[in-house]
Amino acid sequence: MKLLPMLFAGAALALSAVTAQAEVRFGVMNESYPPFFAKDASGQWHGWEIDLMNAVCEEMKEKCSIVDISWDGLIPALQSKKFDVIWSSMSNTEERSKVIDFTDKYYNTPSTLIGPKDQNPGATAEDVKGKTIGIQVSTIQSEYYKKYFASVAEEKTYQTLDEAFQDLASGRIDYVFGDSLALDAFLKSDAGKDCCANMGDVADDKEILGAGVSGGLRKEDTELKAKLNKAIAAVRADGQYDAITKKYFDFDIYGAK
């Protein structure tokens, strides 16, 4: 009879090993993308998306870590199992959904053009005619450009948005096209507020711009997807999501479009 507690304990540990992951590795782009994520001088990650990740991990009761990699390497690295979930402001689009799966949305914002302060505002093909638009590679904005702007404007691609911002501030390009919140952060910076202004949001195209930002997963990882979705819903329901958001924004970014 004295062996029974030990047997039950062993069975419980075995079951736990089957149902819980030793660690969930979150893939993040290896450049600063404020206010969503950035690495400080000590090498620690911080930002809205990092705070949300920590809350989701606590809700799942999982140990989590961050693996950083270039933006255009995120999907290949996920597929080769270098980490378990893309958590890097990636929009859930039809094209990406052909190769990976996604969690439920955790925020959604428009795509925007910014340009010099003396430029007339506007974000249509007519407004950008004859201009050069800076766009980060492998983004939804690059796909949008091909459909709506390629016939009238020139695209200059960048590995990082910071490189595009530098060229815009120095007058080497006419616009930068990207997510509204990332561009707004630049406009509020010392370099951005002196040179540039918001030109407006582009017209929506859900097929290209997607249904919001979500965590990216391998299609076979259905159990992890269910756990993440449950945790995201719980964090929103118990007020943690709003508390995190208020640290960085003065408006709701969950349903913004």
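## A walk through the predicted model

The torsion about the S-S bond of Cys-195 and Cys-196 comes to about -95°, so this disulfide is left-handed. That is a handy place to begin with this structure, which is a predicted model. The sulfur atoms of Cys-195 and Cys-196 lie 2.2 Å apart. Cys-195 is buried, at a relative accessible area of 17%, and Cys-196 also counts as buried, at 5% relative accessibility. The cut-off at work here is 20%: a residue under that relative accessible area is called buried.

The structure holds two disulfides, so let's turn to the other one. Cys-57 and Cys-64 are joined with their sulfur atoms 2.0 Å apart. Their link is left-handed too, with -105° about the S-S bond. Here the two partners sit differently with respect to the surface: Cys-57 is buried, with a relative accessible area of 4%, while Cys-64 is partly exposed, at 23%. If you number the bonded cysteines of the chain in sequence order, the pairing reads 1-2, 3-4.

Now step back to see the whole chain. Its secondary structure comes to 11 helices and 12 strands. Along the principal axes, the C-alpha atoms fill a box of roughly 85 × 35 × 30 Å. Of the 257 residues in the chain, 46% are buried. Among contacts with a separation of 6 or more, 71% come from residues 24 or more positions apart. UniProt, in an unreviewed entry, lists residues 23–252 as "domain: Solute-binding protein family 3/N-terminal". Over those residues the chain is 36% helix and 25% strand, and the C-alpha atoms at the two ends are 31 Å apart.

A good route into the interior is strand E8, residues 132–136. Five of the five residues of E8 are buried, so the strand is largely enclosed by the rest of the structure. Thr-132, Gly-134 and Gln-136 point one way from E8, whereas Ile-133 and Ile-135 point the other way. Next to it runs strand E9 (154–158); five bridges join E8 to E9, and the two strands are parallel. Within this pairing, Ile-133 stands opposite Glu-155 of E9.

Following the chain on from E8, you come to Ser-138, in the loop between E8 and H5. Phi of Ser-138 is near 60°, a positive value in a residue other than glycine. Ser-138 counts as partly exposed, at 43% relative accessibility. Then comes helix H5 itself, residues 140–148, whose buried residues are Ile-140, Gln-141, Ser-142, Tyr-144 and Tyr-145. What do these buried residues of H5 pack against? Their partners are helix H4 (94–97), strands E7 (111–116), E8, E9 and E10 (175–179), and helix H9 (206–209).

Gln-136 of E8 also leads us to another part of the chain, as Gln-136 is one of the contacts of Glu-31. Glu-31 is found in the loop between strand E1 (24–29) and strand E2 (38–39). Leaving aside neighbours within four places in sequence, Glu-31 also touches Phe-37, Trp-45, Gln-159, Thr-160, Leu-161 and Asp-162. Is Glu-31 buried or exposed? Glu-31 is buried, yet it has no salt bridge. The nearest side chain of opposite charge is that of Arg-96, 12 Å away. A salt bridge needs a distance within 4 Å between a side-chain nitrogen and a carboxyl oxygen.

The loop between E1 and E2 has another feature to look for: Pro-35 lies there, and the peptide bond from Pro-34 to Pro-35 is cis, with omega near 5°.

Our last stop takes us back towards the disulfide of Cys-57 and Cys-64. Lys-61 is found in the loop between helix H2 (48–60) and strand E4 (64–69). Although Lys-61 is not a glycine, it has a positive phi of about 60°. Lys-61 is exposed, with a relative accessible area of 76%, whereas Cys-57 is buried.

Key:
Residues are numbered from 1 along each chain as its sequence is written. This is a predicted model: local features need pLDDT of at least 70, side-chain atom pairs count only at pLDDT 80 or more; totals for chains, interfaces and linings use all residues. Side-chain values use heavy atoms; hydrogens and water are left out. Buried means under 20% relative accessible area, exposed over 50%, partly exposed in between (1.4 Å probe, protein chains only). Helices (H or I, at least four residues) and strands (E, at least two) are DSSP runs, numbered from the N terminus. Contact means heavy atoms within 4.5 Å. A disulfide is a pair of cysteine sulfur atoms within 2.5 Å. UniProt positions are given in the numbering used here, feature names are shortened, and annotations may be inferred rather than shown by experiment. Lys and Arg count as positive and Asp and Glu as negative; His and the chain ends are not counted. Two strands pair if DSSP finds at least two bridges between them.
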